[in-house]
Amino acid sequence: MTHPKFIRTLLSVLFLTMATGFADTPNILFIIADDASMNTFGAYGGKMIETPAFDKLAQGGALFRNAYNCNPKCAPARACLVSGRYSWQLEEACNHWPKFPAKFKFYPQLLMENGFHTGFTGKGWGPGYYETEHNPAGPEWNEIKLQPPYKGMNKVDYAANFEAFLDAKPENKSFCFWLGTFEPHRFYEKDPWKKDGMKLESAEVPPFYPDNETIRGDILEYAVEVKWFDQHIGRAIKALEERGLLDNTLILVTSDHGMPFPRIKGQIYEEGFHVPLIAYWKGVIQPGRRALPNQQRSRLHVQPCRQPGIRNDQIAASESA
Ligand SMILES: [Ca+2]
């Protein structure tokens, strides 16, 4: 199947099946890391840590090799994702710590208005200010906390909050959930990798950095937090399995942009824009797909909104851009 044909098939199925948030329409679980580079994950060839949950999901679905975000910083990257628009169409929302103008529509909001049980945990859209009732990623589910293994990790128990959200879902409704970790965003505990049994030799140093102990240690501090992200992917999948929901859920896993290091995050180099992306949907997306399209990621999030009953005028601009 050619790249364009794959995308057309995926989006056509979404369009045809998601008429409302009721009955047997599919659920959407969107999992997003904060500042994780694609090459850190095993499925993309990363070797310094193991990412079993990410890799298993990639095996069961489509692993995108040419997924690019629209902006290499937190708030604008996330603004593009929730609105389906490009940076230049978002006015002040394309800044780093902005106000998100209320005139823009967000896909979680549109799905909620059309019957979906909707929510987010951890880091939704942000950092910034919004004028809508909820965060653009949806109503907040952050009450359940834990004691994380290392300083610098957030106390929100993302997977447990997702479980609470699922348990509050009315039986006849589909859900749309945003699971956004605050990791592997800085800051980091000093040398957590030593407690984690990792060695400096295992750090993978990009060719544009000096290769020394300081750089290697910093990269491993980041890697420990990517492992934390992967653990929450695994727990979220288990929560779906236990409730019999995995078979009818489209799961997307990505990061807003590349790792929080010089020349990557916030910079106009390849490493800031090129992001990990998995699309998993049992019975719809063929397992193990690897040769995938050169498609900007925002389109994937526009398409679920294209359903009867939802106004398309808010997304028309990004469609024609
Ligand atoms: Ca970020």
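Helix axes here are lines fitted to C-alpha atoms over the stretch in contact, and angles between them run from 0 to 180 degrees between N-to-C directions. The model is predicted.

**Exercise 1. Classify the packing of helix 2 against helix 7, and list the residues that meet.**

Step 1. Take the geometry. Helix 2 (residues 52–60) packs on helix 7 at about 55°, and the axes are 7 Å apart.

Step 2. Apply the cut-offs. Angles under 35 degrees are roughly parallel, and 65 to 115 are roughly perpendicular. The angle therefore makes helix 2 oblique to helix 7.

Step 3. List the contacts. Helix 2 supplies Pro 52, Ala 53, Phe 54 and Leu 57. Helix 7 answers with Asp 230, Ile 233, Gly 234 and Ile 237.

Step 4. Sort by class. This contact holds six nonpolar, one polar and one charged residues.

**Exercise 2. Find the buried residues of helix 2, and say what covers them.**

Step 1. Pick them out. Ala 53, Phe 54, Leu 57 and Ala 58 are buried in helix 2.

Step 2. Place them around the axis. Their arc is only 135°, so they lie on the same side of helix 2.

Step 3. Recall the helix repeat. An α-helix has 3.6 residues a turn, so residues three or four places apart point the same way.

Step 4. Name the cover. It includes strand 2 (62–63), helix 7, strand 8 (249–255) and strand 9 (277–280).

**Exercise 3. Describe how helix 5 crosses helix 7.**

Step 1. Read the angle. Helix 5 (residues 158–167) and helix 7 (residues 213–242) cross at roughly 20°, with axes that come within 8 Å.

Step 2. Classify. The two helices are therefore roughly parallel to each other.

Step 3. Give the hand. The crossing of helix 5 and helix 7 is right-handed.

Step 4. List the contacts. From helix 5 come Tyr 158, Ala 159, Phe 162, Glu 163 and Leu 166. From helix 7 come His 232, Arg 235, Ala 236 and Ala 239. By class there are six nonpolar, one polar and two charged residues.

**Exercise 4. Decide whether Lys 227 is buried or exposed.**

Step 1. Locate the residue. Lys 227 is part of helix 7.

Step 2. Count neighbours. The cut-off for buried is 20 or more other C-beta atoms within 10 Å. Lys 227 has 21, so it is buried.

Step 3. Look along the chain. Thr 51 is 176 residues apart from Lys 227, yet their C-alpha atoms are separated by 6.4 Å.

Step 4. Set this against the whole chain. Buried residues make up 50% of the 321 residues. Of contacts between residues at least 6 apart in sequence, 69% join residues at least 24 apart.

**Exercise 5. Locate the cis peptide bonds before Pro 127 and Pro 184, and the positive phi values of Glu 91 and Arg 263.**

Step 1. Recall the background. Most residues other than glycine have a negative phi, and most peptide bonds are trans.

Step 2. Take the cis bonds. Gly 126 to Pro 127 is cis, with omega near 5°. Pro 127 sits in the loop between strand 5 (117–122) and strand 6 (129–130). Glu 183 and Pro 184 are also joined by a cis bond, with omega about 5°. Pro 184 sits in the loop between strand 7 (175–180) and helix 6 (192–195).

Step 3. Take Glu 91. Its phi is positive, about 55°. It belongs to the loop between helix 3 (74–83) and strand 4 (99–100). With 16 C-beta neighbours inside 10 Å, Glu 91 is partly exposed.

Step 4. Take Arg 263. Its phi is near 75°. The loop between strand 8 and helix 8 (270–273) holds Arg 263. With 15 C-beta neighbours inside 10 Å, Arg 263 is partly exposed.

Notes:
Residues numbered from 1 in each chain as written. Predicted model: local features only at pLDDT ≥ 70, side-chain atom pairs only at ≥ 80, totals over all residues. Helix = DSSP H or I, 4+ residues; strand = E, 2+ residues; numbered from the N terminus. Parallel < 35°, antiparallel > 145°, perpendicular 65-115°, else oblique. Left-handed = near helix turned anticlockwise from the far one by under 90°. Contact = placed C-beta atoms within 7 Å. Nonpolar A, V, L, I, M, F, W, Y, C, P; charged D, E, K, R; others polar. Buried ≥ 20, exposed ≤ 12 C-beta atoms within 10 Å, placed from the backbone. Arc of directions from axis to C-beta.
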